[in-house]
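Got your viewer open and a selection box ready? Here is a short tour, one selection at a time.

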Amino acid sequence: MSDQIKYLLDESRMPKAWYNIAADLPVPLPPPLHPGTLQPLGPSDLAPLFPNAIIAQEMSTERYIDIPEPVREVLCQWRPSPLFRARRLEKLLGTPAKIYYKYEGVSPAGSHKPNSAVPQAWYNAQEGVKRLTTETGAGQWGSSLAYAGGLYGLDVTVFQVRVSYDQKPYRRALMETWGARCIPSPSPETEYGRAVLAKYPDHIGSLGIAISEAVEVAAQQDDTKYALGSVLNHVLLHQTIIGEEAILQMEMAGDDPDVVISCVGGGSNFAGIAFPFIGLGLRGGPNAKKRRILAIEPSACPSLSRGKYAYDFGDTAHLTPLVKMHTLGSDFTPPGLHAGGLRYHGMAPLVSHAKELGLIEARSVHQTDCFAAGVMFARAEGIVAAPECTHAIRGAIDEALRCKAEGKSETILFCLSGHGHFDMASYTNYMSGKLVDQEYDEKELAMALSMLPKVEA
Ligand SMILES: Cc1ncc(COP(=O)(O)O)c(C=O)c1O
């Protein structure tokens, strides 16, 4: 059908394995380092925080890793997710470009995050873990882990960044509905939270601080582990089901993207849609056409475009291993922008490495331009996107307008990582003119970068 809108894969065609880009990288990823010895980490160093199966995935260089059947059964509740052709948006823009989007808002929590929450909770339950702790920004990851933990009888505690906790009260209600406990961070419940509050009683919080609190609690209790919603290799691995499905759906559409776009916070939905396409290119052969891969981030927190590629801590209290990534410095507190899921000082090591290898491009955009794109998209396509993925929409619209100016009919694919039904206050602020573009403090950035740990190259 020439004017088809949706490309739906049958459940039986849902991928049976995740794709691990580590197998195809021309240069291996620099290893994570122990924060005390600065030596490469071994699996036992991660054992207090993660179950063995997850540690093995974190370090694996196998190209494909099987998705356990019980996990596939849960994912089938909403997967394969639909691929849409944005015909009405194309028309509105008057572009010769073809725009496709892979919609991850169909999951129970409304975003891509359950793609990793379900396997993480399952592996933990298999290894006898009773309780999980985690951080969350906008609440998408916290609610996803609340849902997934509930499936396997795990007790879930979520430290939510204070500014988002206040901006998005219904995300907390969702976490509680699924049986989790949600605490605003910095909190008086941990030693680190108390230290931050003693110095700054009104601190708006950051993902780096919330991670420190969640890690502190998990490290102290034998039956408790920690789950991370982005950044680490295993999380990116779980998200590749997005791109593996998209490859099959683009085939159904008889098309192949010239440009693949996604927003980046810690890098998981970006890796999810992009890595399988990058893998096609790296492996060569008939599917190896040249594709541009574009990561869009907020100009208020531009880790990929402005950060330094260096070893840094994943959290503010420096409890985590050191990983090599693009970072604004673990002491940097990004402004309280509405895309709370993009307020992270660092970037996934695999995404950072891909940027260093020239496999991807990065671009930063202002939040008002993103909301303008989100409103245009909602009016054309009907879906109200989460503030995070209005960044991807902005990127896709800008590429489509470039195609119009150049008279080119390129194919654009982007990941619409979640819906914005819990983010309507941000849209109200935008439409009433109250939303402003926040700039980060250059002095604070310089200070945070000057405090990066000193590690020999
Ligand atoms: C809908 C949505 N998209 C994107 C992100 C950014 O995270 P990541 O870069 O790991 O995909 C988040 C994070 O909370 C999110 O909720």
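## Stop 1: the annotated domain

Start by selecting residues 79–418, the range that the unreviewed UniProt entry annotates as "domain: Tryptophan synthase beta chain-like PALP". Keep in mind that you are viewing a predicted model. Colour the selection by secondary structure: helix makes up 45% of residues 79–418 and strand 19%. The C-alpha atoms at the two ends of this range are 14 Å apart.

## Stop 2: two domains

Now give two colours to the chain, following the domain assignment: domain 1 is 79–110 + 234–450, and domain 2 is 112–232. Their C-alpha centres lie 23 Å apart.

Where the two meet, 40 residues of domain 1 are in contact with 35 residues of domain 2. On the domain 1 side, select α11 (233–239), α12 (241–252) and α13, the elements that each give two or more residues to the side touching domain 2. The largest share there, four residues, belongs to α11. If you colour this side of domain 1 by class, you should find 13 nonpolar, 22 polar and five charged residues.

## Stop 3: a four-stranded sheet

Next, look for an open sheet of four strands, ordered β8-β7-β6-β9 and paired in parallel. Its edges are β8 (181–185) and β9 (224–226), each of which pairs on one side only. On average, neighbouring strands in this sheet are turned by 25° against each other, ignoring direction.

Zoom in on β6 (residues 131–136) and β7 (residues 155–161), which are joined in the parallel sense by six bridges. Show leucine 132 as sticks, and opposite it you will find valine 156 in β7. Then add helix α10 (residues 207–220), which packs on the sheet and touches β6, β7, β8 and β9. The direction of α10 makes about 170° with that of β6.

## Stop 4: around the ligand

Which residues come nearest to the ligand? Among the 21 residues around it, they are Gln140, Ser230, Gly265, Gly341 and Gly418. Three elements give two or more residues to this shell: α6 (140–151), α13 (268–283) and α17 (387–406). Of these, α13 gives the most, with three residues. A colouring by class shows eight nonpolar, twelve polar and one charged residues in the shell.

Finally, bring back the domain colours from Stop 2. Why does the ligand lie between the domains? Domain 1 and domain 2 both give residues to the shell around the ligand, so it lies between them.

How values were computed:
Residues are numbered from 1 along each chain as its sequence is written. This is a predicted model: local features need pLDDT of at least 70, side-chain atom pairs count only at pLDDT 80 or more; totals for chains, interfaces and linings use all residues. UniProt positions are given in the numbering used here, feature names are shortened, and annotations may be inferred rather than shown by experiment. Two strands pair if DSSP finds at least two bridges between them. Axes are lines fitted to C-alpha atoms, for helices over the stretch in contact, and angles run from 0 to 180 degrees between N-to-C directions. Two residues are in contact if their C-beta atoms, placed from the backbone, lie within 7 Å. A residue is near a molecule or strand if its C-beta atom, placed from the backbone, lies within 6 Å of it. Ala, Val, Leu, Ile, Met, Phe, Trp, Tyr, Cys and Pro count as nonpolar, Asp, Glu, Lys and Arg as charged, and the others, Gly among them, as polar. Domain bounds come from an automatic or database domain assignment.
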